[in-house]
Every structure is written in structure tokens, then in C-alpha cells.
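Hi,

Here is the structure I said I would pass on to you. Could you have a look at it first, and then read my notes underneath?

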Amino acid sequence: MAASTYLIALGSNRAAPRRALVRGAGAVGAIVQSKAVDSAPLGLGGRTFANAVALIESDLDPPALLARLKAIERAFGRRPGRRWGPRVLDLDIIGWSGGIWASPGLSIPHPAFRTRRFVLAPLVEVAPGWRDPVTNLTARQLLSRLDRGRPRP
């Protein structure tokens, strides 16, 4: 497979979360990383999260990249637990240059990214013109819609 470009969301709400994002971006081979933004936890996450988006290139197909990201999370100390719970590092594939991917356990683009300012604002920083293959809107347009209270077209 030829190299693909991926957009990866990074999050952390454990000890030194901003440092974890920088280390996590290095571990995934980030070409570009956004600044970190803070967000309230979803569900019962507890502590405030630090979030960022990184752009990477990889020869891996989406399922293989997802497996690699999960291995990186484990190497950072993430353990299975409750959904949206505290975590040292969370890595999600937001999008990729191949458009749409759907398989058991993996959907690209990420199904919830359009409703999450803590993903869209950093995404706009690294790839403002990236087009969501589902809506055909740019990252900048999606953020504008969310900020105006209209998350989905």
C-alpha cells in the first residue's frame, strides 16, 4: 500500500497531559501537531483533558494503523476500562486520505468528530481545508457550524 495521510486525535487527562500529547505525537510519527486545547471530560472522565490533532503518513491500512495506535496507547500505560475514563493517552483516527472506511470496530471518518470542538479546533489548525468525505465540508466549515450550534449539515 502506498503511503496514506492520516489525521489522528490525541487526548490525555492523567499526569502531565500536555507532555503526554507531545510524546504521543512523536510515537505516532507526527509530521505536524496542533497546539493542545483543554476540554471537559465526556462521561465520567474526571479530570480535564488536553487534546491535539496530528497529521501523519503511514504505509499501513486503517485496521493495521488502528492496531499500532492501540499498541502505542498500551505502551503509554493505558489499560482497558470504562468508556471515557481517565487515560494517559487516547489515539483516534479522525480521517485519512482514502476517504471513507467502514469495518467492524473502525469507522473513518471518526463518527463523532463533527460534534467535538476539542477535535475540530485543533484539526483546523493543522488541516483547515481538509474535507470531510461524508459532508464534503472543510474542517473550518465544520467548526464554524458547530460554533453556531449546527454541528451537522
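One bit of vocabulary before the rest: in these notes Ala, Val, Leu, Ile, Met, Phe, Trp, Tyr, Cys and Pro count as nonpolar, Asp, Glu, Lys and Arg count as charged, and the others, Gly among them, count as polar. Please also keep in mind that this is a predicted model.

**The pocket**

With those classes in hand, start at the second largest pocket. Its lining has five nonpolar, three polar and two charged residues. The space inside comes to about 170 Å³. If you want to find the place on screen, select Leu66, Lys70, Leu91, Asp92, Ile93, Gly105, Leu106, Ser107, His110 and Pro111, which line this pocket.

Which strand gives the largest share of that lining? That is strand 5, with three residues. Helix 2 (62-75), strand 5 (90-96) and strand 7 (106-108) each bring at least two residues to the lining.

**The overall layout**

Stepping back, the protein has four helices and seven strands. Going along the sequence, they come in the pattern β-α-β-β-β-α-β-β-β-α-α. The protein has 153 residues, and 46% of them count as buried. If you take the contacts with a separation of 6 or more, 62% are between residues 24 or more positions apart.

Threonine 5 gives you an example of such a long-range meeting. This residue sits in strand 1 (residues 4-12). Serine 97 is 92 residues away from threonine 5 in sequence, yet their C-alpha atoms are 5.2 Å apart in space. Beyond its neighbours within four places in sequence, threonine 5 touches Leu55, Ile56, Glu57, Gly95, Trp96 and Ser97. Is threonine 5 buried or partly exposed? With a relative accessibility of 28%, threonine 5 counts as partly exposed, because buried would mean under 20%.

**Salt bridges**

Side chains of opposite charge can pair when their charged atoms come close. There are four salt bridges here, and I'll walk you through some of them.

One pairs aspartate 38 with arginine 18, and their closest N and O atoms are 3.0 Å apart. Aspartate 38 belongs to strand 3 (residues 37-39) and arginine 18 to helix 1 (residues 17-28), so this pair ties together parts that are 20 residues apart in sequence. Aspartate 38 is exposed, at 52% relative accessible area, while arginine 18 is partly exposed, at 41%.

Another joins the side chains of glutamate 73 and lysine 70, at 3.4 Å from N to O. You have met Lys70 already, as one of the residues lining the second largest pocket. What separates glutamate 73 and lysine 70 along helix 2? They are three residues apart in the helix, which means about one helical turn. An α-helix has 3.6 residues a turn, so residues three or four places apart point the same way. Glutamate 73 is buried, with a relative accessibility of 3%, whereas lysine 70 is partly exposed at 28%.

Then look at aspartate 147 and arginine 117, whose side chains form a salt bridge of 2.8 Å, N to O. This pair links distant parts of the chain, with aspartate 147 in helix 4 and arginine 117 in helix 3, 30 residues apart. Both ends are partly exposed: aspartate 147 at 45% relative accessibility, and arginine 117 at 43%.

**Helix 4 and what surrounds it**

That last pair brings us to helix 4 (residues 139-147), where Ala139, Leu142, Leu143, Arg145 and Leu146 are buried. Why do they line one face of the helix? Looking down the axis of helix 4, the buried residues fall within an arc of 160°, so they line one face. What they pack against is helix 3 (117-126).

Two residues outside helix 4 are worth a click as well. Threonine 138 is in the loop between helix 3 and helix 4, and this residue counts as buried, with a relative accessibility of 11%. Setting aside neighbours within four places in sequence, threonine 138 is in contact with Pro128, Gly129, Trp130 and Arg131. Glycine 149 follows helix 4 and has a positive phi, near 85°.

Happy to go through any of this with you.

Cheers

Definitions and conventions
Residues numbered from 1 in each chain as written. Predicted model: local features only at pLDDT ≥ 70, side-chain atom pairs only at ≥ 80, totals over all residues. Heavy atoms only, no water. 1 Å grid on protein atoms, 1.4 Å probe; cavity = no way out; pocket = protein on both sides within 12 Å on 5 of 7 lines; lining within 4 Å. Points joined across faces, edges and corners; volume = space filled by probe spheres on them. Buried < 20%, exposed > 50% of the residue type's maximum accessible area, 1.4 Å probe, protein only. Contact = heavy atoms within 4.5 Å. Arc of directions from axis to C-beta.
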